[in-house]
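The following exercises concern strand pairing and the surroundings of a single side chain. Please work through each task before reading its solution.

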Amino acid sequence: MINKPIIKLAILFTFSCLLQIQAQEKPYNGNPDTSFETARNLAFNQQRKQAQDTLVHILTKYPNYHEIRTFLASTYSWDGDYKKARKEFAYVIDKAPENKENWIAAIKNESWADTPYEALQMANTALKFFPKDTDISLLKAKALKNTDKSLEAESTAKEIIANNPNNQDAKDFLESLNNTLRTNTIGLRASVDLYSKVFDPMQYYSMSYSKKTKYGSIIGRVNFNRRFNENGVQAEVDMYPKITKGLYAYLNFGYANSFIFPDFRYGAELYKSLPHSLELSAGFRTLQYSTTTTIYTGSIGWYTGNSYWSLRPYFTPGDGGTSTSAALNYRKYRSNSDNYISFLYSMGVSPEINQFNDVNNAAIIKLKTQRFNVGYFFTTNKDKNAWGAQFDVAHQEISFDPGNYFWIYSLTISWDLRFK
């Protein structure tokens, strides 16, 4: 038998739902200006849904109150509901194409929706109504940049500045654009490892040249190391080809004729962007000495605000089993991606980055190691020069004396020069 109180609650719930539906269907009879002001206050006080319900209700009676519809579209855009915003902006632009602010808001909505081609098309259409308008021209320049038409974006920005020499927004955009146009980079890197006992200092130097293209970046590098009182040189190429939106790869090949480096090294990894600012990757590295060692690796990265977290494990199969190591990295960005402070903590030895040449020795890749690294990276001269300094300390087991440890102190300095 059904409990009577439950029946009463069900009837009450149904009745309240019917009242709510009737309230929603009730025609609007208020003062639109007063209701609009109320909705604005709600929207700016984190009560966006209530504000949107109010705005929609007003529009049932005043469909051509364009200021209300524009504000409704803006709230949708703020919430990331770009499709709804696009529909409302299209309505007001069709009814009142002479309103410049509607065009600007609609173009921004397309930019935020990551649809730069639509933003560019809309900006070009808007300029037919407002020829040489500074605000719309700047939005067009930004859309050109986002569609990989940086040279056209530069020309548009320069035209804005020529007509409006005091336009600081255009100047700032042109300066930021220069970073995109600087597709060539020459880099130098120097590092030294100091050991608390056993080993003499070890030195590492590299010189690189990189080129950004629409297909991805390619980097050529020459590495010079002095270890165990011997010198060695390695030539290396890195590539980061773009495959499709949100998917790119890392490819590597290196050659050396010195026992300090592997005779050959090569590797590949795929990176995939995911929702919620996450990125996953999976790949391998292969090092060929007298025998061949393959390391399987991957990563999970997370961007949150101006911070970035990354966890990367390494798995190295061998005759004695599989060696496992991992590194946790944190970055705190400042003005852009070239200006940040980083912290890294790792455990275990990976043959890709360990200090010894005998990477095929299972005893070595299973050494107990803890490492902490802190780095500071910054730019100068309008981001033309990128500098970096890192300090690293490691507590590592001695390969030929298990159970005993030494300390390794490392200092690395880097410099990159960007140019067109």
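Two exercises with worked solutions follow, based on a predicted model.

**Exercise 1.** Determine how strand β3 is paired with strand β2 and with strand β4.

*Solution.*
1. Begin with β2, which spans residues 202-213, and β3, which spans residues 216-227. These strands run antiparallel and are joined by 11 bridges.
2. Locate a facing pair: V222 in β3 lies opposite M207.
3. Examine the connection, which is a hairpin with 2 residues leading from β2 to β3.
4. Turn to β4, residues 230-244, whose pairing with β3 is also antiparallel and comprises 12 bridges. Here I218 has M239 in β4 as its bridge partner.
5. Inspect the hairpin of β3 and β4, where 2 residues lie between the strands. In this hairpin F228 adopts a positive phi near 55°.

**Exercise 2.** Is E236 buried or exposed, and which residues are in contact with E236?

*Solution.*
1. Place the residue: E236 belongs to strand β4.
2. Compare its accessibility with the cut-off. The relative accessible area of E236 is 11%, and buried means under 20%; therefore E236 is buried.
3. Look for a polar partner. The side chain of E236 forms a polar contact with the side chain of N252, at 3.0 Å.
4. List the contacts, leaving aside neighbours within four places in sequence: I219, G220, R221, N223, N252, F253, G254 and R265.
5. Combine the steps: N252 is one of the residues in contact with E236, and the side chain of N252 also provides the polar contact.

Definitions and conventions: Residues numbered from 1 in each chain as written. Predicted model: local features only at pLDDT ≥ 70, side-chain atom pairs only at ≥ 80, totals over all residues. Heavy atoms only, no water. Pairing = 2+ DSSP bridges. Helix = DSSP H or I, 4+ residues; strand = E, 2+ residues; numbered from the N terminus. Buried < 20%, exposed > 50% of the residue type's maximum accessible area, 1.4 Å probe, protein only. Polar contact = N/O pair within 3.5 Å; in protein donor to acceptor, adjacent residues only side chain to side chain. Contact = heavy atoms within 4.5 Å.
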